[in-house]
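Here is a friendly walk through one protein model, starting from a single side chain and working outwards. Have the structure open beside you as you read.

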Amino acid sequence: METAFNNRGLEDSYATDSSSVWSPEEQDGADFQVPSGVPEPISKCGDLDVTFEYRAASQKLTVTIVRAQGLPDKDRSGINSWQVHVVLLPSKKQRGRTSIQRGPNPVFKEKVAFTKLEPRDLAACAVRFRLYAARKMPREKMMGEKLFHLSHLHLEGEMKVTLVLEPRSNISSGESRLSPSAVSHSDSASSTQSLSHGGAPELLVGLSYNATTGRLSVEMIKGSHFRNLAVNRAPDTYGKLFLLNSVGQEMSRCKTSIRRGQPNPVYKETFVFQVALFQLSDVTLMISIYNRRTMKPKEMIGWIALGQNSSGEEELDHWEEMKETKGQQVCRWHTLLES
């Protein structure tokens, strides 16, 4: 049994925080039909064709990532290589990813299997799909995502679904945050446009862990949309890093040098912490960004936490992926939380 199904309107409460205005071309896929009368979303970064096949007898769900369509072309985004990450929620213990494919309409045709899924548990689970822009260096950018709730799953047979990927960020913004490897001093001090930009302050962080040496490397790469709320000028900022154990006690601390008058500061500083493999799941890395003010107390711009007590889902995913990549650096943008 094959069924065409569309997840465009499901669970809008899970939409990502974006104001993107991408308008990919309409697709002509024969197998994955979009029902007539379904309004196009205001914001999208492409479509992802997937199939679900659930076998109740074996309690196994097989997800096939078939292809992505209508992605921003290289001229608009600077990206031409793509990878899809899949995770079963809410446990996040079962996950997978595709190989990297190129082009605006990459074909994957790769399967991810989730096991020990009883029929009675399906309604409480969802599969999250995330599209990443992949590069030669593992500094990927999460471009779009969509959740498919398994309460909509057909219990027998194959089910074909077209998911509309909701964008994570607007690639048409003046500052390209898709190219962390190309950051430069001129970019960081380029303009004061970010002073009036409504975007939340963000930080690009690189993580890697060597299990043999027990070295946790944290690279503070770049900030974005740092503002000085008191005066109309770019702030003088620096970052503080704290490594905490499982009960919140400080194990180590360090800080960056100061970047003066830069709304989009480039730090490019790496710090190494010694963490045994058996401790890696029990530590928390706190990163805070401060505005250094003359004759006044320092002001916190924002903070994030990664590891055991992660401040959010994106931070937890970054930490888990670092552990899986076995020594390779994984870089992600994180929205700073207010103090």
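## A threonine and its surroundings

In this predicted model, a polar atom in the side chain of T256 sits 2.8 Å from the backbone nitrogen of G239. T256 itself belongs to the loop that links β15 (250-255) with β16 (266-274).

Is T256 buried or exposed? Its relative accessible area is 5%, under the 20% cut-off, so T256 counts as buried. Beyond its neighbours within four places in sequence, T256 is in contact with M220, Y238, G239, Y267, E269 and F271.

## The protein as a whole

Stepping back, the protein has four helices and 19 strands. Of its 339 residues, 52% are buried. The exposed surface comes to about 16000 Å², with carbon and sulfur atoms supplying 49% of it.

How do the contacts spread along the sequence? Taking contacts between residues at least 6 apart in sequence, 67% join residues at least 24 apart.

## Two nonpolar cores

The largest nonpolar core holds 33 residues, and the members that touch the most others are F52, L61, F129 and L150. Which strands each supply at least two residues of this core? They are β2 (47-55), β3 (60-69), β4 (81-89), β7 (107-114), β8 (126-133), β9 (141-149) and β10 (158-164).

A separate core of 25 residues lies apart from that one, and L203, L207, L216 and L241 are among its members.

## Strand β3 and its partners

β3 is worth a closer look. Nine of its 10 residues are buried, which means that β3 is largely enclosed by the rest of the structure.

On one pairing, β2 and β3 run antiparallel over nine bridges, and D47 has Q69 in β3 as its bridge partner. The hairpin of these two strands has four residues between them, and Q59 takes a positive phi near 55 degrees there. β3 is also joined to β7 by six bridges, again in the antiparallel sense; here V63 stands opposite V112 in β7.

## The sheet that holds β14 and β15

Now back towards the loop of T256. β15, the strand before that loop, belongs to an open sheet of four strands in the order β15-β14-β17-β18, with antiparallel pairing. Why does one side of β15 and of β18 (299-307) lack a neighbour in the sheet? Both stand at the edges and each has a single partner strand, so one side of each is left open in this way. On average, neighbouring strands of this sheet are turned by 15 degrees against each other, direction ignored.

β14 (residues 237-244) pairs with β15 over five antiparallel bridges, and L241 has C254 in β15 as its bridge partner. Their hairpin has five residues between the strands, and within the hairpin G248 takes a positive phi near 85 degrees. Further along the sheet, β17 (residues 284-291) and β18 pair in the antiparallel sense over eight bridges, with M300 in β18 as the bridge partner of Y290. Helix α4 (residues 313-325) packs on this sheet, touching β17 and β18, and its direction makes about 50 degrees with that of β18.

## The sheet that holds β16

β16, the strand after the loop of T256, is part of another open sheet of four strands, in the order β16-β13-β12-β19 and with antiparallel pairing. Here β16 and β19 (330-335) are the edge strands, each pairing on one side only. From one strand to the next, the twist averages 25 degrees.

β12 (residues 202-210) and β19 pair in the antiparallel sense over six bridges, and L204 stands opposite W333 in β19. α4 packs on this sheet too, touching β12, β13 (215-224) and β19, and its direction makes about 175 degrees with that of β19.

## Putting it together

The loop of T256 thus runs from β15 to β16, with β15 in the sheet β15-β14-β17-β18 and β16 in the sheet β16-β13-β12-β19. Helix α4 touches β17 and β18 of the former, and β12, β13 and β19 of the latter.

Methods
Residues numbered from 1 in each chain as written. Predicted model: local features only at pLDDT ≥ 70, side-chain atom pairs only at ≥ 80, totals over all residues. Heavy atoms only, no water. Buried < 20%, exposed > 50% of the residue type's maximum accessible area, 1.4 Å probe, protein only. Polar contact = N/O pair within 3.5 Å; in protein donor to acceptor, adjacent residues only side chain to side chain. Contact = heavy atoms within 4.5 Å. Core = buried A, V, L, I, M, F, W, Y, C linked by side-chain atoms within 4.5 Å. Pairing = 2+ DSSP bridges. Areas by Shrake-Rupley, 256 points an atom, 1.4 Å probe, with all protein chains shown as cover. Axes fitted to C-alpha atoms, helices over the stretch in contact; angles between N-to-C directions.
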